[in-house]
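Reader: Please put the model up, and then let me quiz you on the labels. I'd like to hear what stands behind each of them.

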Amino acid sequence: MALRIHNTLTRSVEELQPAEPGHVRMYTCGPTVYNFAHIGNFRAYLFEDLLRRYLKFRGFRVTQVMNLTDVDDKTIRSSREQGLPLKEFTRKYIEAFFSDLAVLRVERAEHYPAATDHVPEMIALIQTLLDKGIAYQSEDRSIYFSIARFPGYGKLAHLDMSGLRSGARVAQDEYEKESAADFALWKAWDEKDGDVVWDAPWGRGRPGWHIECSAMSSKYLGVSFDLHTGGVDNIFPHHEDEIAQSEAASGQPFVKYWMHCAHLVVDGKKMSKSLGNFFTLRDLLAKGYTGREIRYELIATHYRQSLNFTFEALEAARAALSRLDEFGDRLRTLAGSVAPAAEWPAWAQQALSAFTAALDDDLNISAALAALFDMITAGNRAMNERTLDAAGAAAVLGLLERFDSVLGFIKPEAQAADAAALALLEQRQAARQAKNWPESDRLRDELKRRGWVIQDTPQGPKLKKA
RNA sequence: GGCGCGGUAGCCAAGUGGUAAGGCGGAGGUCUGCAAAACCUCUAUGCAUCGGUUCGAAUCCGAUCCGCGCCUCCA
């Protein structure tokens with residue numbers, strides 16, 4: 001079986017066949033670093049992380065580029081409000097972004113190019129478009145892309161440009177463009193830009209939004225590459241414009257497969273600050289949830305399905321993970337330090353097949369998780385019935401690690417019990433052996449106050465974080 | 001108006017022609033000094049509504065109702 005993915009360009013599920021067999025080159029639209037990213041943003045980055053990890057699981061080499069948009073209207077406005085140079089202002093949010101990714105256990109991409117470090121590349125690309133007569137300069141010295149001179153415009157969003165409705169926002173600056181739908185490649189300097197300015201052969205200013213992705217993707221991945229992802233809202237105009245710029249400049253097909261993830265809503269409503277349902281990752285961590293729990297919730301819904309974020313679901317994620325941890329603990333106790341068996345039990349082998357078949361089918365995560373949980377039930381039953389030996393348990397642990405290379409939430413949070421808690425646990429065991437129940441219960445309560453729950457198992461007592 | 005997504009058990013969510021995965025919750029049971037935790041088992045004659053096609057439909061077709069997204073810089 002081959003890996004099949006949904007391609008927005010063709011609106012159908014296709015087998016992934018990278019230009020260079022075994023090597024996938026992908027570009028993932030990254031954050032605009034003017035603020036802390038919110039959980040809706042992270043939904044997209046987690047989808048991309050799942051994709052990346054699964055590609056590697058399937059044996060592909062992956063070269064992933066994620067851009068950092070560190071110059072645009074919002075970064076400029078906010079940095080000026082705070083009286084900070086642009087670079088200094090965005091540095092804080094870039095650092096926060098990477099630290100959030102680490103909390104969510106997102107694997108690092110190969111390249112994180114920042115827009116402001118690639119302005120010469122963008123200028124060169126715009127110059128090419130000017131030379132080809134596809135771009136033009138308006139009265140205010142900005143440079144626009146003429147969609148009338150790019151016949152394929154609208155193929156990604158499946159828009160018929162002749163029928164595009166003119167909105168209020170379009171009308172405002174229409175006078176300086178040849179066509180209302182033309183988009184900016186370069187914005188002439190404006191006093192609101194302050195010292196955020198670059199020199200170009202046609203005048204001072206700053207790059208438009210779309211051009212950075214075209215310039216940086218070709219630099220790191222080539223003018224044609226395999227896969228480009230982002231949120232659905234990027235289909236139009238951002239990705240449509242990227243295609244136009246890139247293909248008009250190079251004359252080559254830009255991207256073979258486009259994948260877009262649906263939005264996240266909170267309690268069924270679009271996230272917004274006014275509704276009070278707007279959350280950054282930090283907001284959720286402050287409420288006591290872990291990155292791992294948030295990762296689970298954000299990844300557990302199929303990427304093309306809109307994800308309804310609720311705290312109820314976050315609690316459900318916590319419960320599901322705790323069951324997973326319990327299973328891992330049981331396996332580790334049974335396996336001890338025995339070497340893994342050469343083969344998996346039939347139920348584990350079956351889980352691997354089902355897991356792979358599910359993710360091969362356009363990353364059907366629900367079915368993949370079902371395979372994982374079926375394996376947990378089967379494994380627990382086998383351990384109850386003592387049909388799994390130490391070597392078998394060790395082998396299943398290895399399989400769990402393979403699953404985790406894709407899912408990234410199986411490995412538990414480190415939670416080593418402190419010496420004081422372990423001492424109390426020992427005292428309680430002594431009390432129990434002496435059948436001193438009041439003392440035993442008192443110690444149990446004491447541990448509970450310190451945040452530890454005792455689990456009395458046939459193998460002896462264990463401590464778990466409450 | 002255009003393009004697109006979706007309505008499946010209390011909640012979340014797979015399944016897209018062969019008789020309803022999985023998770024959470026709930027109910028029973030096992031274990032236990034008692035608990036807790038854990039584990040096991042069970043938990044939708046029905047998939048928005050109404051018609052139609054078919055031996056057979058949650059899945060295909062038509063109509064209707066409801067929710068949501070995008071349509072110029074929002075993942």
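**What backs the labels**

Author: Confidence comes up front: chain A averages a pLDDT of 90, and 96% of the residues score at least 70. pLDDT is the predictor's own confidence in each residue, on a scale from 0 to 100. This is a predicted model, where local features need pLDDT of at least 70 and side-chain atom pairs count only at pLDDT 80 or more, while totals for chains, interfaces and linings use all residues. Residues count from 1 along each chain as its sequence is written, with chains lettered from A and ligands numbered from 1 in the order in which they are written.

Reader: Which stretch has a pLDDT below 50?

Author: Residues 163-174. Beyond near neighbours in sequence, that stretch makes six contacts in the model, a contact being two residues whose C-beta atoms, placed from the backbone, lie within 7 Å. Where pLDDT is low, predicted coordinates shouldn't be read in detail. As for the overall scores, ipTM is 0.93 and pTM is 0.93.

Reader: How do you know which residues surround RNA strand B, and how many are there?

Author: A residue is near a molecule or strand if its C-beta atom, placed from the backbone, lies within 6 Å of it. For RNA strand B, 71 residues pass, and the closest are Gly40, Ala181, Trp209, Gly231 and Asn380. By class that surface has 28 nonpolar, 25 polar and 18 charged residues. The classes are simple: Ala, Val, Leu, Ile, Met, Phe, Trp, Tyr, Cys and Pro are nonpolar, Asp, Glu, Lys and Arg are charged, and the others, Gly among them, are polar.

Reader: Why are helix 9 and helix 10 called roughly perpendicular to each other?

Author: Start with the elements: helices (H or I, at least four residues) and strands (E, at least two) are DSSP runs numbered from the N terminus. Helix 9 (residues 291-299) and helix 10 (residues 311-335) pack at about 110°, their axes 9 Å apart. Axes are lines fitted to C-alpha atoms, for helices over the stretch in contact, and angles run from 0 to 180 degrees between N-to-C directions. Under 35 degrees counts as roughly parallel, over 145 as roughly antiparallel, 65 to 115 as roughly perpendicular and the rest as oblique. The angle for this pair therefore lands in the roughly perpendicular class. In the contact, Arg292, Glu293, Tyr296 and Glu297 of helix 9 meet Ala313, Leu314, Ala317, Arg318, Ala320 and Leu321 of helix 10, which makes six nonpolar, no polar and four charged residues.

Reader: And what makes helix 11 and helix 12 roughly antiparallel?

Author: Helix 11 (residues 346-360) and helix 12 (residues 365-384) pack at about 170° with axes 8 Å apart, and the verdict is therefore roughly antiparallel. Among the residues that meet are Trp347 and Phe355 from helix 11 with Leu372 and Met375 from helix 12. The split here is 13 nonpolar, one polar and one charged.

Reader: Why do strand 4 and strand 11 count as edges of their sheet?

Author: Two strands pair if DSSP finds at least two bridges between them. The open sheet runs 4-3-10-11 with parallel pairing. Strand 4 (61-66) and strand 11 (255-261) each have a single partner strand, so one side of each lacks a neighbour in the sheet. The twist averages 20° from one strand to the next. Strand 3 (residues 23-28) pairs with strand 4 over six bridges, and Met26 has Gln64 in strand 4 as its bridge partner. Helix 6 (residues 209-221) packs on this sheet, touching strand 3, strand 4 and strand 10 (225-231), and its direction makes about 150° with that of strand 4.

Reader: How do you know that strand 9 is paired with strand 7 and strand 8?

Author: Count the bridges. Strand 7 (residues 183-188) and strand 9 (residues 203-207) share three, antiparallel, with Ala188 opposite Gly205. Strand 8 (residues 198-200) and strand 9 also pair antiparallel over three bridges, with Asp199 opposite Arg204. A two-residue hairpin joins strand 8 to strand 9.

Reader: What backbone oddities turn up at Pro237 and Arg141?

Author: The Phe236 to Pro237 peptide bond is cis, with omega near 5°, and Pro237 sits in helix 7 (residues 235-250). Arg141 has a phi near 80°, positive in a residue other than glycine; Arg141 lies in the loop between strand 5 (135-137) and strand 6 (143-145).
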